[in-house]
Amino acid sequence: MTMDNNSNMTGYENRQQKIEIVIAHAIKVIEDDGGFIGNSQSGYAGDANGIRSTKDKVLSIFRQDKVPGIDGNYVKQALEVKEHFKGLHMKNDAPKHSEFLKSLNRIAQNDHVVEKEMGYVVAMPPSYQSIKEKKEFETRYSSSDYVGNVGERHNFFLKLLEKKFIGAAECELWTWTDKRNNIVKTWVTMLKTEEWRIEVGDCVDLDAFVRKHEANKMNNIRETYINRLKIIDNVGSKQ
């Protein structure tokens, strides 16, 4: 079963598009591309060697004289995404970083959207996925406890969960976990990243200096920060 969404209006800038249909097409584009592509990743518009962003691809779909139909399964997912943002309870005194979520919440209250706000709608699926993953992470690692004694070296057997590049510091923040679901973090220079060649999912036997114990300010998860790592053995992702 497919669903379409066409308008009799002549200017595509003013066409009223059903929000769930826009989200559905965005989900399919993201799936086809293997991930969301932001404008900052796509190079200059019209550049033959550039990569088209998810937003640009979705806009091109809705600029056609006849918008192609979309499988009902995508629409079902889209309705779930829309209802999530529609149901958000935004406080008037929310910090500035929530302005983006406020916009998604405001737009989700409507049934239709015009092109100038379509970028927000296209951003709903990856934002929803990020929120789901964050909640799953917080649930899984809510029992995390501190490991080792601050100021002493300790032997760890850890699985690498995430590498996050921090541009301001020109290095990466690595997040690990052990068999007891304790969270361990360390800052890693790009030189060490290249030298160690440790990939997300790898399990590593290492010695490290316990620098500090600290509860995460966002989710209150207890985290152990380590540095001065000595890699003993990278056994890969089989463990």
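In this predicted model, helix α1 (residues 19-33) and helix α6 (residues 124-140) approach each other with their axes within 9 Å, crossing at roughly 70 degrees. Angles of 65 to 115 degrees count as roughly perpendicular, and α1 and α6 are therefore roughly perpendicular to each other. On the α1 side the contact is formed by Ile23, Ala26, Ile27 and Ile30, and on the α6 side by Met124, Pro125 and Pro126. Sorted by class, this contact of α1 with α6 comprises 7 nonpolar residues, with no polar and no charged ones.

Helix α1 also takes part in covering another helix, α2. Helix α2 spans residues 54-62, and its buried residues are Thr54, Val58, Leu59, Ile61 and Phe62. Viewed down the axis of α2, the buried residues fall within an arc of 155 degrees, so they line one face of the helix. The cover over these buried residues includes β2 (17-18) and α5 (118-122) as well as α1.

The next topic is charged pairs. Side chains of opposite charge can pair when their charged atoms come close. The structure contains 11 salt bridges, among them the three pairs in the table.

| Acidic residue | Basic residue | N to O distance |
|---|---|---|
| Asp33 | Lys57 | 2.9 Å |
| Asp111 | Lys82 | 3.7 Å |
| Glu195 | Lys192 | 3.5 Å |

The salt bridge between Asp33 and Lys57 links distant parts of the chain: Asp33 belongs to helix α1 and Lys57 to helix α2, and the two are 24 residues apart. Asp33 has a relative accessibility of 31% and therefore counts as partly exposed. Lys57, at 22% relative accessibility, also counts as partly exposed; the cut-off for buried is under 20%.

In the salt bridge of Asp111 with Lys82, Asp111 sits in the loop between α4 (99-108) and β4 (112-113), while Lys82 is part of helix α3 (residues 72-86), so this pair ties together parts 29 residues apart in sequence. Asp111 counts as exposed, with a relative accessibility of 51%, as the cut-off for exposed is over 50%. Lys82, by contrast, is buried, its relative accessible area being 6%.

The salt bridge of Glu195 with Lys192 lies within helix α7 (residues 190-196), where the two residues are 3 apart and so are separated by about one helical turn. Lys192 has a relative accessible area of 33% and is partly exposed.

How values were computed. Residues numbered from 1 in each chain as written. Predicted model: local features only at pLDDT ≥ 70, side-chain atom pairs only at ≥ 80, totals over all residues. Heavy atoms only, no water. Axes fitted to C-alpha atoms, helices over the stretch in contact; angles between N-to-C directions. Helix = DSSP H or I, 4+ residues; strand = E, 2+ residues; numbered from the N terminus. Parallel < 35°, antiparallel > 145°, perpendicular 65-115°, else oblique. Contact = heavy atoms within 4.5 Å. Nonpolar A, V, L, I, M, F, W, Y, C, P; charged D, E, K, R; others polar. Buried < 20%, exposed > 50% of the residue type's maximum accessible area, 1.4 Å probe, protein only. Arc of directions from axis to C-beta. Salt bridge = Lys/Arg side-chain N within 4 Å of Asp/Glu carboxyl O.
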